[in-house]
Amino acid sequence: MTRIVPVIMSGGSGTRLWPLSRTAHPKQLHALVSGQTMLQETVRRVSGADEHYHFEPPIVVLNERQCDLARSQLEAMDAGAVRLVVEPAGRNTAPVAAVAAELVRREYGDDALILLLPADHHIRDAAGFRAAVATGAGLAENGHIITFGIQPERPETGYGYIRRGEALDGGYRVRAFTEKPDLERAKGFLADGGYYWNAGIFLFGAGHLAAEMSQHCPDVLTASRAAVEAAAGDSSTLRLDAAAFSACPSISFDYAVMERTENAAVVPADIGWSDVGAWGALWDIAERDEAGNVTRGDVDLVDTRGSYVLSTGRKVGVVGVDDLVVVETADAVLVTRREASQSVKSIVEALQAEGRADLL
């Protein structure tokens, strides 16, 4: 049976979900869709086995400020032997993949597969997700580096796109990647039909990835290996060496490997996926009332339609408006048009410029 080690990337801060998502308590550590936090949902999704493969205990990569809260959430769900790997600095996703490959090769050998995935995505169809992983595992065992492609539902300009090439067993070779196209180009991709959204979820053999990175980004591989070699900790929490990891180039896995390798393949995955990248995305995936509203917490709505309203404590009343997002926390309130919620990051940037660390 194929062994798959899930490596869950949980170091982000989710700035477009401010004021709820903060550096020390980012969106993946909040319960935004169900009664579980997004990290807990992700860990649950990559547990167990089917007839073709077995999930080994996951590795969760995160930063020091999130470590205690993440550990308590994992203990609360009785997640078992999850290993936390603490990054001393953020270096994007390619170094995370290199660290994962080194750890998995040491413990499980070159033939083990790694499923690299974010902690903060919502996947409605967990069974469909596992079926896509099973399809990808066969290709990954033959040396392909797999990405999972989501069928576009609209001409989205906030996602990267994957253009498929010749058919493989259950997937396709990747012909090209395109980063966040403008609206007209995104419309053309939908009309063409041979494009997928890039979900940022990858599957590959530990040994195969090390060979790819040795060819395409050896500086990332060397620094990441040094950070693992000099790491401190035990079987439950490993802290990467700060000097070695901080010297690693900051580069995404897409740029460092996927756009350079000749072995990239895409497996279509119709799984009800969302990256929950903004408040509007939460409205999209939530169950809405007859007026199209979503509420969480102590909220009253009057003559209001198509809105997302969240209160973490105080009573929030909304009257006579449409298509808004209103988020109340103990120290800040956000009000935005739902369609403009992608721009919340600009508020965070303004707070940074003002030196308002208390709100970040």
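**Strand S1, two nonpolar cores and aromatic contacts**

In the predicted model, strand S1 and strand S2, the latter spanning residues 53–55, run parallel and are joined by 3 bridges. Within this pairing, Arg3 has His54 of S2 as its bridge partner. Strand S1 is also joined to strand S5, formed by residues 113–118, through 6 bridges, and these two strands likewise run parallel; here Val5 is matched with Ile114 of S5. A further parallel pairing, over 3 bridges, links S1 to strand S3, which comprises residues 59–63, and in this case Ile59 of S3 is the bridge partner of Val7. Strand S1 itself covers residues 2–9, and because 7 of its 8 residues are buried, the strand is largely enclosed by the rest of the structure.

The largest nonpolar core contains 47 residues, of which Phe204, Met213 and Phe253 touch the most other members. Helix H3, made up of residues 93–108, gives the most to this core, contributing 10 residues. When neighbours within four places in sequence are left aside, the contacts of Phe204 include Ala97, Ala112, Leu113, Ile114 and Leu116, together with Ala140, His144, Ile145, Leu209 and Phe253. A second core, separate from the one just described, consists of 45 residues, among them Leu113, Leu117, Trp197 and Ile271.

Across the whole structure, a search finds 9 aromatic pairs. One involves Tyr159 and Trp197, whose ring centres are 4.9 Å apart and whose planes stand at 75°, so the pair is edge-to-face. Tyr159 is located in the loop between strand S7 (145–150) and strand S8 (161–167), whereas Trp197 belongs to strand S10 (residues 195–205); the pair therefore ties together parts that are 38 residues apart in sequence. Both partners are set against the cut-off for burial, under 20% relative accessible area: Tyr159 counts as buried because its relative accessibility is 10%, and Trp197 counts as buried because the corresponding value is 2%. Together with Trp273, Tyr159 and Trp197 form one aromatic cluster.

A further aromatic residue, Trp283, is associated with arginine side chains. Arg288 lies over the face of the Trp283 ring, at 4.1 Å from the ring centre, and Arg338 also lies over the face of Trp283, in this case at 3.5 Å from the ring centre.

Technical notes
Residues numbered from 1 in each chain as written. Predicted model: local features only at pLDDT ≥ 70, side-chain atom pairs only at ≥ 80, totals over all residues. Heavy atoms only, no water. Buried < 20%, exposed > 50% of the residue type's maximum accessible area, 1.4 Å probe, protein only. Helix = DSSP H or I, 4+ residues; strand = E, 2+ residues; numbered from the N terminus. Pairing = 2+ DSSP bridges. Core = buried A, V, L, I, M, F, W, Y, C linked by side-chain atoms within 4.5 Å. Contact = heavy atoms within 4.5 Å. Phe/Tyr/Trp six-rings, centres within 6.5 Å; stacked < 30°, edge-to-face > 60°. Lys NZ or Arg CZ within 6 Å of the ring centre and 35° of its normal.
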